[in-house]
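Work through the exercises below with the structure open beside you. Try each task before reading its solution.

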Amino acid sequence: MWGEIAYQLFGLDGYREIEDYDRDRQAPGQNTLKDLLEQSDQPSVVLIDEIAEYLEDASTLEVGGATLASQTVSFMKSLLETAAQVDSLTVIYSIADSAFKEEAEEVRGLVDELDAVVQRQQKVITPTGETEVGAVLQHRLFDEIDTDVAATVSEQYFHFYDEAPRQFPQEVSEDSYRSKLEREYPFHPTVLETLTEKIDTIPDFQRTRGALKLLGRAIHYLWNHQPGEYDRHFLRLYDLTPADDAPDGSIRATLNESLFEFVDLSAAVTADIYTRDGTAHAQLEDQKWTEKGIPALGSHITTTVLWNSLAFGEQASGIARRGLNEAVAHPDVTFDHYDNALKNLGGDDMNVACYYLYDEDQIRFKAEPNLIRIIDQRIQNTSEEQARSRFEARLEREVGSGGFNVEMFAEEPADVADDGSSPTLSIMHMLTAPVQTERGRETEVPDKIQELYEKTAAKHGGTIQSRSYKNYVLFLAPDSELLENAVDQATRLEAIEDLREDSQQTADLSDEQLQELRDREDEARGLLGESVRNVYRHLFYVEDDGLTHVTITSVDAGGGTKLVDAVRTTLEDMNRIIRDDDQPKGKVWFEQKLWQSQKRRMTTADLETQFARKPGLPYLLSTKPLRKTIARMVSDYEYAYWDSATKTAYWNAQSQPDNWQHDAPLPDSPDVTTSITDSQVKIGDEYELFGSIEDLLDQHADEIRPPELTECANCGKDLPPQSTHKLCEECRSKPAECDDCGEEVEGKTKADEPVLCEDCKTGPGGTWNKSTGSMSAKRAFSEIRGHAVSQAGSDATPGINSLIVQIEGDQPFKHGSFVAQRSPVKSRSESITVDLDYKSRAEMGNGEATFNANFTGPLDAFTTLNQSPEGFSDRAGGNQKVKLSFKFQMDEPEAIDGDEDDVLVQLGDELDGTNITVRAQAGGPTNIEGDDS
């Protein structure tokens, strides 16, 4: 610096005076500078502009242990001190440290140090004051300004603001504002105020020079694009338009190159203010007004807001509504137009809603787009067809499954099958059968649902006929009032997902906004699911008199309950579904609801379809409840079951059928089983239920093999081939012998054995004994009791002193544990011993696993055992064999009399209605009164 100053003042001779200092970059002192000044008698003026910028550059050059910047400060000290002492030298310099970009602390310190030195002897000159900027700009940009026009226009606008039906900043109503309008004409006061107070806060923007450049471009652009539809009175902020987008020196270039460095609103300009193809939101809004001869209000508003959003720091707060009124208002445009345009840009019209414009306490643009507004615009651009498709896709996910055949969007009778095997739930389309409800009035069945309920067809275009299985069709329809909201939710989700897939638009979103978008997508997806489930709430099902309506139980918001689940819960609450764990139905219900009284035989498939045919019957979602009921009809009543696949008859053997043509009892046939469980019952046309064993024999007697006997049970002689009698003909005719004392029994033959003589029946010392096959508990204890009574005769009271109950079936351990807790057993615990033999096996991945356990002990000890001692036998290929017996041994016989309070009656009553099967053996005296005597 000092070498250049010496050369400019005194040429080569002056430079040589301080050449060594210049080459070494060492600052000369006062004496050297005084010697330099003596080379001329003329006064010298030294001008140094933007010393701060020079110091910033010099701070990076090292000189010895310091920098060139510190040497420069030393030089400035010497230069200023010399000027203070020598009359022939004047130093003028400018310093604006506010123009630094990212000044190093060292440079700032040097500037502060320099300011501290010169404060003692400097005179600070401000080139342009607050009120002088306008004059400078007027002088530099216009050759002449018509002061008369300025006065007239200013007066008109002052009164316009005073009389306008809107609010303005306080200053506008003061008399001084009239003078301000006139003084700054043709610039509107808001232009200079924004440039000098807001834009001036941006580093590197110089108030006068920067404003001069911008306004010069604005005047140039306005001159070449003068509006023809309205008069212009002032140059406004919206004249600093981004539409001036030439590559060099234009307003758009200035914005991009410097003003957007701290507040990058380039995306906001492109999306919301101006693009060459006219698709920015403000330009779209302009079209509504310009075609009516009204100024481009969209561009006027957004451009004004843009310049008020560019400030750095606290000034970057945008513009208040009052300030916007002042900045854009024109006497020929009503304020309602401005208000409407701003509302449209702010979101009232999603076709022109600005992405980056925020209308909060202050109106401003932000670097981040307004996510909600972008989503709302996407929503408006989403077609109704897209929304419906999204709704329908979500509906199919929310239907669920389980028990019902689900038919989506049935329109014709052929769409709903006439099926008697399982009920069909038809989900109606939103446009086909929306349901309207009115408080206090019965909900009407939609015509389309009534048609589908009554009619069916084998195929589309086929013959329409009446539906056979009407009880098995249900219809779920949407609520018309709730439907609109659900479709709105579908529209929102479709819009958000569409936005997420738009990589160009999401590129402008911040990480936080991207996360918010994902969160909103998750929320919209959840709300759509909840809405869909709530909309489909009208269930039409069949009662005795036809279709009736019920509102299904509300589903939970979390989505855990599907529509099928809600339908099922509703029907269960009304007892319209038979659950798998329900008890088997009784005889009265079975014969009134399922059995056709005029028939002696029905297949189990026919019984199943009765649920579908008869209106009002509960829904059978699985065959287990029906199989349990059929098993009970066979076990406890006179019905008989025939399995054609295995050629087996199931029957409770309570009486010998008259049409059994063999002497050997029917229960002894290898094709007859006297007990039955629900797992042995099959559903199909080859499985039959008969009203009695006689009916079954009429149909299948030839298929049932008689018992195979080879030797006479009395004498041992060979019996004829295929004999059905256990005694030979000779022995059958011999007199019977008493089973107790061995004496002949008058009037009886051996064919009648076992029998007791009259003396043994009445005692003393007579006993009875009875064993049963595998059968229901109720029946087993009833048979034993009946045998004891018959053996005692009419004048005696039999007793029971021993009873063995062996638990049968596929879950003996579980059922045995249940029996052990019954009161007839617990009350006799001291007389009971329990025997358990438990064996299980299974093939595991690395070998065979086996488990064996034996238990013999009192009842109390048995009840402590774990019901599931192992878990591997439940696997495929595994098995278990369990033998469990309860052995009763009473100290004194219990009377079997008319009071019916003995152990047999109590056990039968306690276990009646369960699916527990047993084998039982019991014995006791034929007359306990004879024993007592």
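**Exercise 1: a strand with two faces**

Ile-92 is partly exposed, with a relative accessible area of 45%; buried means under 20%, exposed over 50%, and partly exposed in between (1.4 Å probe, protein chains only). The model is predicted, so local features need pLDDT of at least 70 and side-chain atom pairs pLDDT 80 or more, while totals for chains, interfaces and linings use all residues. Residues are numbered from 1 along each chain as its sequence is written, and side-chain values use heavy atoms, without hydrogens or water.

Task: Which residues of strand S4 point to one face and are buried, and which point to the other?

Solution.
1. Locate Ile-92 in strand S4, where strands (E, at least two residues) and helices (H or I, at least four) are DSSP runs numbered from the N terminus.
2. Follow S4 through residues 89-93: the side chains alternate.
3. Leu-89, Val-91 and Tyr-93 point to one face and are buried, whereas Thr-90 and Ile-92 point to the other and are not.
4. Ile-92 also belongs to a nonpolar surface patch with Val-45 and Leu-47, with about 310 Å² of accessible area together. Such areas come from the Shrake-Rupley method with a 1.4 Å probe; for residues, only the protein chains shown count as cover. Patch residues have over 30% relative accessible area and no salt bridge; nonpolar side chains (Val, Leu, Ile, Met, Phe, Trp, Tyr) are joined within 5 Å, like charges within 9 Å. A salt bridge is a side-chain nitrogen of Lys or Arg within 4 Å of a carboxyl oxygen of Asp or Glu.

**Exercise 2: a parallel pair**

Task: In which sense do strands S1 and S4 pair, and over how many bridges?

Solution.
1. Two strands pair if DSSP finds at least two bridges between them.
2. S1 covers residues 44-48, and its pairing with S4 is parallel, over five bridges.
3. As a check, find Ile-48 opposite Tyr-93 in S4.

**Exercise 3: the partners of S28**

Task: Which strands pair with S28 in the antiparallel sense?

Solution.
1. S28 (residues 832-844) runs antiparallel to S30 (residues 879-895), and ten bridges join them.
2. Asp-837 has Lys-883 in S30 as its bridge partner.
3. S28 also pairs with S29 (residues 847-858), antiparallel, over twelve bridges.
4. There, Lys-839 has Asn-852 as its bridge partner.
5. Glu-843 lies in S28 and is partly exposed, at 48% relative accessible area. Its C-alpha atom is separated by 9.8 Å from that of Asn-879, 36 residues apart along the chain.
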